[in-house]
Amino acid sequence: MSVTMFGIKNCDTIKKARAWLGERGVAYDFHDYKAAGIDEARLRRWSGEVGWETLLNRAGTTFRKLPDAEKAGLDEDKAVALMIAQPSMIKRPVLEAKGKLLVGFDRARYEAAFG
């Protein structure tokens, strides 16, 4: 099975997800999109699968520090442009595994996916 985790290396949620996978012996590749970037086609595919609202991390400081004008009138195109420009605005982690896309770390969802 091919599993890829997308995120930022120093994120606490990423650390929890990595520990969970490691404890269960789940091998995965890690893509640090802060260091390596993220392409628009992948973000659009994810957005089509789970919705841009799920992908955009509105709770993070990067988003909260945006001027109100940049937050106004959010739609998919604007959200994708923001996430490409500042990948820390992408909710973490994003896992591509078994043909599924898991956004955020939730033990129950991980258990269901990797049981």
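**Notebook: helix α7 and its surroundings**

I began with helix α7 and looked up what covers its buried residues: the cover includes β1 (3-7), α1 (12-23), β3 and β4 (100-103). I take cover here as contact, that is, heavy atoms within 4.5 Å. Buried stands for under 20% relative accessible area, exposed for over 50%, and partly exposed for what lies in between, with a 1.4 Å probe and protein chains only. Helices (H or I, at least four residues) and strands (E, at least two) are DSSP runs, numbered from the N terminus.

I note that the model is predicted, with local features needing pLDDT of at least 70, side-chain atom pairs counting only at pLDDT 80 or more, and totals for chains, interfaces and linings using all residues. Residues are numbered from 1 along each chain as its sequence is written, and side-chain values use heavy atoms, with hydrogens and water left out.

**Entry: the two faces of α7**

Which residues of α7 (residues 107-114) are buried? I list Tyr110, Ala113 and Phe114. Viewed down the helix axis, these buried residues fall within an arc of 80°, so they line one face of α7. The arc is that of the directions from the helix axis to the C-beta atoms. Ala108 and Ala112, on the other side of α7, are exposed.

**Entry: the whole protein**

I then stepped back to the overall arrangement. The protein has seven helices and four strands, and along the sequence they follow the pattern β-α-β-α-α-α-α-α-β-β-α. Its radius of gyration is 14 Å, which agrees with the value near 13 Å that a compact globule of 115 residues would have. I record that this radius is taken over C-alpha atoms and that the globule rule is 2.2 Å times the number of residues to the power 0.38. Along the principal axes, the C-alpha atoms fill a box of roughly 45 × 25 × 25 Å.

Of the 115 residues, 43% are buried. Among contacts between residues at least 6 apart in sequence, 61% join residues at least 24 apart. The protein exposes about 6,200 Å², of which carbon and sulfur atoms supply 47%; the areas come from the Shrake-Rupley method with a 1.4 Å probe. I also looked up the charges: the mean positions of the 20 positive and 16 negative ones are 6 Å apart. Lys and Arg count as positive and Asp and Glu as negative, while His and the chain ends are not counted.

**Entry: helix α6**

I turned next to α6 (76-85). Its buried residues are Ala79, Val80, Leu82 and Met83. Seen down the axis of α6, they fall within an arc of 160°, so they line one face of the helix. They pack against α2 (40-50), α3 (52-55) and α5 (68-71).

**Entry: the loop from α6 to β3**

I followed the chain into the loop between α6 and β3 (94-97), where Ser88 is found. Is Ser88 buried or exposed? Ser88 is buried, with a relative accessible area of 15%. Apart from residues up to four places away in sequence, Ser88 touches Ile8, Asn57 and Thr62.

Ile90 has its place in this loop between α6 and β3. Ile90 is buried as well, at a relative accessible area of 0%. I noted its contacts beyond four places in sequence as Tyr33, Ile38, Leu43, Leu55, Asn57 and Met83. Gly60 is 30 residues from Ile90 in sequence, yet their C-alpha atoms are 9.2 Å apart in space.

Pro93 is also placed in the loop between α6 and β3. Which kind of peptide bond joins Arg92 and Pro93? The bond is cis, with omega of about -15°.

**Entry: Tyr33**

Having met Tyr33 among the contacts of Ile90, I looked up its own surroundings. Tyr33 is found in the loop between β2 (29-32) and α2. Tyr33 counts as buried, at 0% relative accessibility. Neighbours within four places in sequence aside, I list its contacts as Phe6, Gly7, Ile8, Ile38, Pro87, Ile90, Lys91 and Arg92. The C-alpha atoms of Tyr33 and Ile84 are separated by 9.3 Å, with their positions 51 residues apart along the chain.

**Entry: Asp12**

I closed with Asp12, which is placed in helix α1. Asp12 counts as exposed, at 55% relative accessibility. Arg45 lies 33 residues from Asp12 along the chain, and I recorded 26 Å between their C-alpha atoms.

Note on methods: Charge placed at Lys NZ, Arg CZ, Asp CG, Glu CD.
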